[in-house]
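Notebook open, coffee poured. I want to look up a few things here, starting with one residue and working outwards.

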Amino acid sequence: MTPETPASDRPFAQIDVFSSEAFGGNPLAVVLESSGLSTARMQQFANWTNLAETTFLLPPTDPQADYRVRIFTPTEELPFAGHPTLGSAHAWLEAGGKPRQEGILVQESVAGLVRIKADDAGLLAFAAPELTRFGPVARDVLDRVAAGLGLPREALKDAAWLVNGPEWIGVLLESAAQVLAIRPDYPAMAGLAVGVIGPHPGGAASEFEVRTFISDELPCEDPVTGSFNAGAAQWLIGSGRAPSTYTAAQGTVLGRTGRVQVEADSGDIWVGGESRTLISGTIRI
């Protein structure tokens, strides 16, 4: 067994992702130099930060990638997640990282390579990864989802598995108002990750309202969720229910001001938003 690397000071940042307002998005902890850290040490630190996700940046193993990321919740490692992808890219670039390819950053993760680009204003967006599971949800599972959302089955206008790492079930409701009114019953949908989306009326600042509920051992509502928004965009744009470019609001009920920018372009769906560094320094780990 390889001995554990002694603790040392490593550059660290905490990023607020998917909001133009400080403290309005989803926080992410990033350890920028993670070589020599064991999986157990990474998981221990992610558990200690107690954030939805903590990432660890490493040299890439794929020659096409600019860096490698490992993504941890307080209890497990994820193959892919959206706000950790944008927040890690923001931190890497801010620390002086230079992409191999001009205009495109390539991140290596357990799920594979993810492309990230910046627009003229510097806003980052990732190319939504392919869905590894997409299709109808079984009737008995939908019964649990409806019960967990406190809604009659007929209120669920459509539903689909949207798996791109996290195993999301996407649910479409009639309106944003219905989404905002949900009071989740987590035990009723135990073990499921459910994302709900509904359209705002015409003329609103955002076209859709999104909420995501994770009903595992630590039930919670996620403030802003890149992976679900990526899957939902592929589903809704592909079925003609959403325009090729739109904005989704998320976190409203939690007092957050999350905004996810979605754009379909040349066969890709790009999912982006603003990121800002709120804490920077070193962590002894």
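**Thr-73 and the pocket**

I started with Thr-73, which comes out buried because its relative accessible area is 11%, below the 20% cut-off. I keep in mind that this is a predicted model.

Where does Thr-73 sit? I find Thr-73 in the loop between strand E4 (67–72) and strand E5 (77–78). Leaving out residues up to four places away in sequence, I get contacts from Thr-73 to Gln-43, Ala-46, Ala-52, Glu-53 and Leu-78.

Next I looked up the largest pocket, which holds about 750 Å³ of space. I count 37 residues in its lining, and the closest to the centre are Glu-53, Thr-73, Ile-214, Asp-216 and Cys-220. So I meet Thr-73 again here, along with Glu-53, one of the residues that Thr-73 touches.

Which elements give two or more residues to that lining? I noted strand E2 (26–31), helix H2 (82–94), strand E11 (167–172), strand E14 (220–222) and helix H5 (226–238). Sorted by class, the lining has 17 nonpolar, twelve polar and eight charged residues.

**Helix H5**

H5 gives residues to the pocket lining, and I checked its geometry too. H5 has 13 residues and spans 18 Å from first C-alpha to last, close to the 18 Å expected at 1.5 Å a residue.

Is H5 mostly covered or uncovered? I find it mostly covered, with twelve of its 13 residues buried. Among the buried ones I jotted down Phe-228, Asn-229, Gln-234, Trp-235 and Leu-236. Just after H5, I noticed that Gly-240 takes a positive phi of about 80°.

**Aromatics around H1**

I went for ring pairs next, and the count comes to nine aromatic pairs. I picked Phe-12 and Phe-45: their ring centres are 6.1 Å apart and the planes stand at 85°, so I log the pair as edge-to-face. Phe-12 belongs to strand E1 (residues 9–17) and Phe-45 to helix H1, so this pair ties together parts that are 33 residues apart in sequence.

Are these two rings buried or exposed? Phe-12 counts as buried at 13% relative accessibility, and Phe-45 is buried as well, at 7%.

Phe-45 has another partner in Trp-48: I read 5.8 Å between the ring centres and 25° between the planes, so this pair is stacked. Why about one helical turn between them? Because Phe-45 and Trp-48 are three residues apart in helix H1. Trp-48 is exposed, though, because its relative accessible area of 62% is over the 50% cut-off.

I also wrote down the wider grouping: Phe-12, Phe-45, Trp-48, Phe-56 and Phe-72 form one aromatic cluster.

**Arg-41, a charged residue in H1**

Last lookup for today: Arg-41, which lies in helix H1 (residues 39–49). Is Arg-41 buried or exposed? I get buried, because its relative accessible area is 15%, which falls under 20%.

What does Arg-41 touch? Not counting residues up to four places away in sequence, I have Glu-4, Thr-5, Ala-7 and Ile-285 as its contacts.

Definitions and conventions:
Residues numbered from 1 in each chain as written. Predicted model: local features only at pLDDT ≥ 70, side-chain atom pairs only at ≥ 80, totals over all residues. Heavy atoms only, no water. 1 Å grid on protein atoms, 1.4 Å probe; cavity = no way out; pocket = protein on both sides within 12 Å on 5 of 7 lines; lining within 4 Å. Points joined across faces, edges and corners; volume = space filled by probe spheres on them. Helix = DSSP H or I, 4+ residues; strand = E, 2+ residues; numbered from the N terminus. Nonpolar A, V, L, I, M, F, W, Y, C, P; charged D, E, K, R; others polar. Expected span 1.5 Å × (residues − 1). Buried < 20%, exposed > 50% of the residue type's maximum accessible area, 1.4 Å probe, protein only. Contact = heavy atoms within 4.5 Å. Phe/Tyr/Trp six-rings, centres within 6.5 Å; stacked < 30°, edge-to-face > 60°.
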